[in-house]
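The following exchange examines a single protein chain through questions and answers. Please consult the sequence and the structure shown here before reading on.

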Amino acid sequence: MTGTPQTPPVAPGASINEDVFYAGGPAKGDLITNLLFGLTLIGIPFAVGALVRALWLRFRITSRRVEVSGGWLGRDRSQVVYSQIREVRSVARGLGFWGDMVLILNDGMKLEMRAVPRYKEAEAYIEQRMAASPAGKASPKTGFGDNAAA
């Protein structure tokens, strides 16, 4: 043994580098808006939710995957590669400055992302990466009723 660290083998033409599109927390406007609503009795739960999101929710959208860290003290982590995503849905919040996104996976599970800054750009980036993934180029899967003989 020579004592030099060995790097794991990489397939020819494969890249292990990830280009980061977005890494950070939820939109600051979400926190500010909900804290203002928190001045009313009805808005207190929304303000607490926004505060928890601001403290512990983190998004990381790269050229290879989407990662969401959240939960109590940020201990829960979900990672999804683009070949696992079937559909992206989004809705505007805060006059369109941020938005909520849902990634619907091939197995029917959903990954929710709340208060994503620049959500339209993120949605377009994710859809572009989905189309470039090997599963995005394959034909869509058919359901039970599609193959039934008439």
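Q: How many helices and strands does the protein chain have?
A: In this predicted model, the elements run β-α-α-β-β-β-β-β-β-α-α from the N terminus on. The protein chain thus comprises 4 helices and 7 strands.

Q: What share of the 150 residues in the protein chain is made up of buried residues?
A: A residue counts as buried under 20% relative accessible area. Of the 150 residues in the protein chain, the buried share is 30%.

Q: Which helix gives the most to the lining of the second largest pocket?
A: The second largest pocket holds about 210 Å³ of space, and its lining divides into 4 nonpolar, 3 polar and 5 charged residues. At least two lining residues each come from helix 1 (28–37), helix 2 (44–56), strand 6 (98–105) and strand 7 (110–117). With 4 residues, the element that gives the most is helix 1.

Q: Which residue meets the side chain of D30 in a salt bridge?
A: D30 belongs to the lining of the second largest pocket, as does its partner. The pair has an N to O distance of 2.9 Å. It links helix 1 to helix 2 across 23 residues, and both side chains belong to buried residues, D30 and R53. The partner of D30 is therefore identified by the salt bridge, within the 4 Å limit, as R53.

Q: Is E67, which forms a salt bridge with R77, buried or exposed?
A: The closest N and O atoms of R77 and E67 are 3.2 Å apart. The pair links strand 4 (residues 76–81), which holds R77, to strand 3 (residues 65–70), which holds E67. R77 is exposed at a relative accessible area of 56%. E67 has a relative accessible area of 11%, so E67 is buried.

Q: About how many helical turns separate E123 and K120?
A: The side chains of E123 and K120 meet in a salt bridge at 3.7 Å, N to O. Both residues lie in helix 3 (residues 119–132). Because they are 3 residues apart in that helix, their separation is about one helical turn.

Q: Is V52 buried or partly exposed?
A: V52 lies in helix 2 and joins L41, I44 and V48 in a nonpolar surface patch of about 370 Å². Its relative accessibility is 33%, so V52 counts as partly exposed.

Q: What distance separates the C-alpha atoms of P117 and Y22?
A: P117 is part of strand 7 and counts as buried because its relative accessibility is 19%. P117 and Y22 are 95 residues apart along the chain, and their C-alpha atoms are separated by 9.1 Å.

Conventions: Residues are numbered from 1 along each chain as its sequence is written. This is a predicted model: local features need pLDDT of at least 70, side-chain atom pairs count only at pLDDT 80 or more; totals for chains, interfaces and linings use all residues. Side-chain values use heavy atoms; hydrogens and water are left out. On a 1 Å grid over the protein atoms alone, a cavity is a set of points where a 1.4 Å probe fits but cannot get out, and a pocket is an open set with protein on both sides within 12 Å along at least five of seven lines; lining residues have an atom within 4 Å of a point. Grid points are joined across faces, edges and corners, and a volume is the space filled by probe spheres set on the points. Ala, Val, Leu, Ile, Met, Phe, Trp, Tyr, Cys and Pro count as nonpolar, Asp, Glu, Lys and Arg as charged, and the others, Gly among them, as polar. Patches are made of residues with over 30% relative accessible area and no salt bridge: like charges are joined within 9 Å, nonpolar side chains (Val, Leu, Ile, Met, Phe, Trp, Tyr) within 5 Å. Accessible areas come from the Shrake-Rupley method with a 1.4 Å probe; for residues, only the protein chains shown count as cover. Buried means under 20% relative accessible area, exposed over 50%, partly exposed in between (1.4 Å probe, protein chains only).
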